[in-house]
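Visitor: I'm new here, and I'd like to hear the reasons behind the labels people use. Could you walk me through them?

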Amino acid sequence: MKQRIFFNEVATRDGFQNEPAFVPTDTKVALVDALGECGYAKIEVTSFTSPKAIPMLKDADEVMGRIRRVPGVEYTVLVPNLRGAERALEARADELNLVMSTSETHNLANLRMPMAHSFAALSEVIRLVAGRTPVNVSLSCCFGCPMEGDVPQKNVLDWVARFADQGVRGVTICDTTGMAHPAQVSHMVEALQARFAQLQLTLHFHNTRGMGLANVLAAVQGGITRLDGSLGGLGGCPYAPGASGNITSEDAIHMLDAMGYDTGIDLPRLLAVARQMAGIVGHDVPGQVAKAGRIGDLHPAPASVQQLRSQFA
Ligand code: COA
Ligand code: ZN
């Protein structure tokens, strides 16, 4: 049987948060609705952050209120603090995706507080929603921080353990600034699976240094079945210097499909949505399969080939 891989689409959160021009609420709702029909396990719709920190997603409450929920798809939201959690519950999010960094400097830049304060705030959120809504924790900079450098794997595992002890359902290991390489990913996923078999483990890669799909492969071949991706390859953390796009969902899905994995995604349908992304954000996007077509999409041969065929017949 084919190995199932579960995709979480983050374009409307990780993707849009970094865009310079506001994407209208109607467009966001229409995009989430279209993505809901593509076969995703999960869609990270938006974030309940401070509108001053992330103005692009200031319409989070309205977007969550207006999307059409497809049965079987989980609609998750990013939450940085208690205020965000209250908004997420009000919006009937299927999951709260809490966020903190494993680098003190990145946490101060991104969340304006030390890691210990984030941990205390997130612990309060976990207690608040216990038994009501599942919680995932996204840990940023797990493979390195552009300001601090190396983030020891032991520190990452210690943070995962602290949240696992509080009963969270899942943890996402984020390569926020595209510093991971495949050998490091293999090592990390081996350690994670050995210690946290009970957790839903998701890997979140950025393609900042061109290693995104190689890292996806390392993770999947190491037994990981849950991945974040962003349509078109949009994305990036506004507080991570030099950060660029997430791995492109449709490119990763196309690769895994070609290799015989079951992604659950209707790829032609997804590509049709992916081809709208440049128009939505008003600039070219990095995704490649939307431009080149799938491996199996044939192109007409040039007229010269017909002439040569006759000539050599
Ligand atoms: N939703 C809406 N408003 C919020 C909020 C939330 N979750 N959290 C705080 N605010 C508002 C407060 O009401 C306050 O508003 P006011 O200035 O009108 O009184 C203002 O934001 C500042 O609140 P404070 O508690 O002092 O927060 P802060 O300025 O220290 O910021 C965060 C902390 C975490 C709220 C903010 O840094 C943030 O939202 N960061 C988002 C990071 C992010 O998503 N990064 C990318 C993803 S990794
Ligand atoms: Zn990210």
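**Reasons behind the labels**

Guide: Let's start with a charge and a ring: the charged end of Arg162 sits over the ring of Trp159, 4.3 Å from its centre. Keep in mind that this is a predicted model.

Visitor: What makes the charged end of Lys58 count as sitting over the ring of Phe22?

Guide: For Lys58, the charged end is 4.9 Å from the centre of the Phe22 ring. The cut-off is 6 Å, along with a limit of 35 degrees from the ring normal, and the pair is listed as a charge over a ring.

Visitor: Why is the pair of Phe119 and Phe163 called edge-to-face?

Guide: Look at the angle: there are 70° between the planes, and the centres are 5.1 Å apart. Rings pair if their centres lie within 6.5 Å, and planes over 60 degrees apart count as edge-to-face, so both conditions are met. A search of the whole structure finds 3 aromatic pairs, this one among them. Phe119, Phe163 and Trp159 also form one aromatic cluster.

Visitor: What makes this a link between distant parts of the chain?

Guide: Phe119 belongs to helix H6 and Phe163 to helix H7, 44 residues apart.

Visitor: How do you know whether Phe163 is buried or exposed?

Guide: Its relative accessibility is 0%. Buried means under 20%, so Phe163 counts as buried.

Visitor: What makes Asp14, His204 and His206 donors of the zinc ion (ligand 2)?

Guide: Their donor atoms, OD of Asp14 and NE2 of both His204 and His206, lie 2.1 Å from the zinc ion. The cut-off for a donor is 2.8 Å, so these atoms qualify. Along the chain, the donors follow the spacing D-x189-H-x1-H. Asp14 lies in helix H1 and His206 in the loop between strand E7 and helix H9, so this pair ties together parts that are 192 residues apart in sequence.

Visitor: Why are Asp14 and His206 called buried?

Guide: Asp14 has 4% relative accessibility, and His206 has a relative accessible area of 2%. Buried means under 20%, so the label fits Asp14 and His206.

Visitor: How do you know that Glu9 has no salt bridge?

Guide: The nearest side chain of opposite charge, Arg13, is 10 Å away from Glu9. A salt bridge needs a distance within 4 Å, so Arg13 doesn't qualify. Glu9, found in strand E1, is buried all the same.

Visitor: What makes the link between Glu9 and Ser249 a polar contact?

Guide: Their side chains are joined at 2.7 Å, and the cut-off is 3.5 Å. The Glu9 side chain also has a polar atom 2.9 Å from the backbone nitrogen of Ala11.

How values were computed: Residues are numbered from 1 along each chain as its sequence is written. Chains are lettered from A and ligands numbered from 1 in the order in which they are written. This is a predicted model: local features need pLDDT of at least 70, side-chain atom pairs count only at pLDDT 80 or more; totals for chains, interfaces and linings use all residues. Side-chain values use heavy atoms; hydrogens and water are left out. Donors are N, O and S atoms within 2.8 Å of the metal (3.2 Å for Na, K and Ca); water is not among the atoms, so sites may look incomplete. Helices (H or I, at least four residues) and strands (E, at least two) are DSSP runs, numbered from the N terminus. Buried means under 20% relative accessible area, exposed over 50%, partly exposed in between (1.4 Å probe, protein chains only). Rings of Phe, Tyr and Trp (its six-membered ring) pair if their centres lie within 6.5 Å; planes under 30 degrees apart count as stacked, over 60 as edge-to-face and the rest as tilted. Lys and Arg count as positive and Asp and Glu as negative; His and the chain ends are not counted. A polar contact is a pair of N or O atoms within 3.5 Å; within protein, one must be able to donate a hydrogen and the other to accept it, and residues adjacent in sequence count only if both atoms are side-chain atoms.
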